[in-house]
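Q: Could you take me through one part of this model slowly? I'd like a close look at a single helix and what it packs against.

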Amino acid sequence: MTTKEIFAQRMRELRQQSAQPQKVLAEQLGVSVNQVSEMEKGTRMTTLEKLAVICRYYNVSADYLLGLTDEKRPPDSPAAPRRDE
């Protein structure tokens with residue numbers, strides 16, 4: 001799998017695991033639902049700023065979203081609070 005495919009799959013899985021519609025994530029990112037859909041299909045990527053928002057929102061590392069590791073967070077790092085809490 002390519003980085004783009006891994007990113008798309010993991011982003012979709014995180015959103016679905018939190019039982020949120022694409023609209024909620026789109027609002028967090030300040031983008032359209034269509035853009036979130038395209039990211040989840042792997043036909044569009046995102047900016048570094050929005051990648052950071054996604055990581056904070058779902059409390060995962062960028063390395064995880066990009067497929068560089070299978071660990072959602074480094075084992076010795078404390079879980080960071082979500083931005084919306």
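A: Let's look at helix α3 and its neighbours, keeping in mind that this is a predicted model.

Two packed helices are described by the angle between their axes and the distance between the axes. Start with α1, residues 3–17, and α3, residues 33–41: their axes come within 6 Å and cross at roughly 120 degrees. That makes α1 oblique to α3, because angles from 65 to 115 degrees count as roughly perpendicular and this one falls outside that range. On the α1 side, the contact is made by F7, A8, M11, R12 and R15, and on the α3 side by V36, M39, E40 and K41. Sort those residues by class and you get five nonpolar, four charged and no polar ones.

Now for α2, residues 22–29. The axes of α2 and α3 come within 8 Å, and they cross at roughly 105 degrees, so these two helices are roughly perpendicular to each other. Here Q22, K23, L25, A26 and L29 of α2 meet V33, V36, S37, M39 and E40 of α3. By class, this contact has six nonpolar, two polar and two charged residues.

What about the link between them? S32 sits in the loop between α2 and α3. S32 is partly exposed, because its relative accessible area is 33%, and partly exposed means between 20% and 50%. You can also trace back from S32 to Q22: they are 10 residues apart along the chain, and their C-alpha atoms are separated by 9.1 Å. Q22 is also one of the α2 residues in the contact with α3.

Key. Residues are numbered from 1 along each chain as its sequence is written. This is a predicted model: local features need pLDDT of at least 70, side-chain atom pairs count only at pLDDT 80 or more; totals for chains, interfaces and linings use all residues. Side-chain values use heavy atoms; hydrogens and water are left out. Axes are lines fitted to C-alpha atoms, for helices over the stretch in contact, and angles run from 0 to 180 degrees between N-to-C directions. Helices (H or I, at least four residues) and strands (E, at least two) are DSSP runs, numbered from the N terminus. Angles under 35 degrees count as roughly parallel, over 145 as roughly antiparallel, 65 to 115 as roughly perpendicular and the rest as oblique. Contact means heavy atoms within 4.5 Å. Ala, Val, Leu, Ile, Met, Phe, Trp, Tyr, Cys and Pro count as nonpolar, Asp, Glu, Lys and Arg as charged, and the others, Gly among them, as polar. Buried means under 20% relative accessible area, exposed over 50%, partly exposed in between (1.4 Å probe, protein chains only).
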